[in-house]
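I opened my notebook to set down, entry by entry, what I looked up in this structure. The entries are meant for someone who has not met it before.

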Amino acid sequence: MRPWSRFKPWAMRWARCKWTVGLDAAVEEALRSGPQLIKALEASRVPDVGVAMSGGVDSAVSALLLKHAGCKVTCYYMRNWEPLDEAGGSACTSDDSLQMVRKLCEQLKVPLQEFDFIKEYWNDVFVNFLEEYQAGFTPNPDLLCNRHIKFDALLQLVRRKAGHDVLATGHYARISYEGSKNAVHLMKGTDAAKDQTYFLANVPQAALQHVAFPIGGLYKSKVRELAFEEKLPNASRRSSTGICFIGKRSFASFLAEYITLKDGFFVDVDSSLCGESPPRQVGRHNGMQLYTLGQRARIGGQSEAWYVAGKDRVRGDVYVAKGWGHSALYTLSASVNDFFWVSGKPPAKLVAGNTLQLSCKARYNEDPSQCRVHFGPDDVEPSSLFPMPESLPSPPHQLHIHFYNPLRAVTPRQALVLYDGDVCLGGGPIQHAGPTLAELGVENYLSPTDSACM
């Protein structure tokens with residue numbers, strides 16, 4: 001008898017199923033992927049689970065594992081955006097995704113519910129997205145979507161209206177449950193390359209109490225393998241990337257439909273830092289909002305590679321640096337306002353005025369970096385390459401982060417997420433980055449570049 005069958009008679013039903021190699025271990029892992037699933041096991045009760053389905057392989061395998069485990073499974077498809085764009089053409093890939101979800105639910109023999117969250121998404125996510133872009137920042141809508149839509153609006157529907165115990169999703173993350181304290185910790189997924197806690201860093205403790213991540217303990221390769229073994233129709237479907245509501249359209253054309261783009265010049269950052277007046281212009285651009293720190297700037301007539309090092313949001317100029325490793329792209333510090341703590345409160349040692357040794361991510365697709373973190377008066381002077389015209393006092397709860405090694409392209413309004421080992425402590429929008437290495441007098445950091453000062 002399998003070790004988990006002692007918890008409930010219904011476990012015997014799926015214990016007699018035909019098992020492929022590794023599926024049984026994955027199912028047992030899925031059964032313990034959330035607090036309410038664990039409580040159901042302990043009470044010898046069949047868990048009632050709502051699964052958020054996107055059409056991708058991760059959510060499909062999550063539903064598969066819970067179905068094999070004998071859970072009562074209902075799948076939910078969220079429609080957050082109108083399928084047609086304002087110009088009348090095809091915008092999102094939502095129609096294709098919905099058709100795939102229907103196929104999956106038919107194969108798994110589970111019911112499917114479809115719900116619109118278009119109004120909620122517009123008000124809680126998209127309006128903020130537009131306001132931030134109009135102001136010249138680069139926001140990340142995924143964190144707001146997870147906090148306000150998936151793990152609030154959908155979670156409430158799944159639990160309160162439909163009566164499910166748990167909302168399960170296909171995120172690569174884990175939940176550590178301390179039953180004695182009735183507390184949970186958001187943990188990195190086992191697959192470090194796919195870990196998605198960065199996008200979950202603003203999900204509150206109360207929501208995580210009723211959430212499960214069935215594939216959080218698996219590697220992506222194993223998830224894909226299970227999908228092929230079970231002959232799921234989306235087994236070979238590529239993972240989705242980018243912002244969902246943009247779909248296949250160009251980002252520039254999409255953004256131009258909603259905000260007023262501010263044109264200006266590409267300005268050589270070396271010339272600007274050396275005090276040349278006026279600084280050397282190396283080209284023109286059609287919209288300062290279309291560029292974010294660290295990205296390649298395609299400048300007409302320039303054969304060399306230039307990268308965005310900063311923006312003057314008032315003038316509309318974009319500072320560019322020659323070479324991927326230019327020192328103007330790196331900084332050693334940042335300040336964060338409105339930091340969201342997953343536990344509901346900051347660590348006691350931090351509140352007491354101590355400095356903590358943690359790790360952080362200033363963007364999703366980078367490895368965690370070691371850092372020192374403290375509250376208090378702002379000791380992080382803003383970089384002159386991304387001036388903040390508004391003069392705001394430093395709030396007492398502002399968090400200051402000092403990196404052990406320089407980080408590239410630390411971007412205002414992107415999320416900075418903190419970790420204590422594998423535990424995700426939370427995240428908040430970057431208020432400003434500290435002086436770049438170039439501003440501190442470092443000419444080159446990773447790769448050679450010609451300096452206007454030489």
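My entries below turn from confidence to a pocket and then to two residues.

**Entry on confidence.** I began by noting that this is a predicted model, and I looked up how sure the predictor was of it: the chain averages a pLDDT of 87, and 86% of the residues score at least 70. I then marked residues 1–21, where pLDDT stays under 50 and for which the model has 38 contacts beyond four places in sequence. I marked residues 85–92 as well, since pLDDT is below 50 there, and I noted 21 contacts in the model for this stretch beyond near neighbours in sequence. I wrote a caution beside both entries, because predicted coordinates should not be read in detail where pLDDT is low.

**Entry on the second largest pocket.** I looked up the space in the second largest pocket and found about 410 Å³. I listed its lining next, which is made up of 20 residues, with Asn128, Glu132, Leu144, Arg413 and Pro429 lying nearest the centre of the pocket. I asked myself which elements give two or more residues to this lining, and I found helices α6 (118–134) and α7 (141–161) together with strand β19 (423–433). I noted that β19 gives the most, with 5 residues. When I sorted the lining by residue type, I had 7 nonpolar, 9 polar and 4 charged residues.

**Entry on Thr197.** I found Thr197 in helix α8, which covers residues 197–200. Is Thr197 buried or exposed? I wrote down buried, because its relative accessibility is 0%, against a cut-off of under 20%. Leaving out residues up to four places away in sequence, I listed Tyr172, Ala173, Leu186, Met187, Lys188, Tyr419 and Cys424 as the residues that Thr197 touches. I looked further at the pair Thr197 and Tyr419, which are 222 residues apart in sequence, while their C-alpha atoms are 9.7 Å apart in space. I also recorded a polar contact of 2.8 Å that joins the side chains of Thr197 and Asp195.

**Entry on Ser359.** I placed Ser359 in strand β15, which runs over residues 356–361. I entered Ser359 as buried, because its relative accessibility is 7%. With residues up to four places away in sequence again set aside, I found that Ser359 touches Pro368, Ser369, Gln370, Cys371, Val417, Leu418 and Tyr419. I closed by underlining Tyr419, which is among the residues touched by Ser359 and is also among those touched by Thr197.

Note on methods:
Residues numbered from 1 in each chain as written. Predicted model: local features only at pLDDT ≥ 70, side-chain atom pairs only at ≥ 80, totals over all residues. Heavy atoms only, no water. 1 Å grid on protein atoms, 1.4 Å probe; cavity = no way out; pocket = protein on both sides within 12 Å on 5 of 7 lines; lining within 4 Å. Points joined across faces, edges and corners; volume = space filled by probe spheres on them. Helix = DSSP H or I, 4+ residues; strand = E, 2+ residues; numbered from the N terminus. Nonpolar A, V, L, I, M, F, W, Y, C, P; charged D, E, K, R; others polar. Buried < 20%, exposed > 50% of the residue type's maximum accessible area, 1.4 Å probe, protein only. Contact = heavy atoms within 4.5 Å. Polar contact = N/O pair within 3.5 Å; in protein donor to acceptor, adjacent residues only side chain to side chain. pLDDT = per-residue confidence, 0-100.
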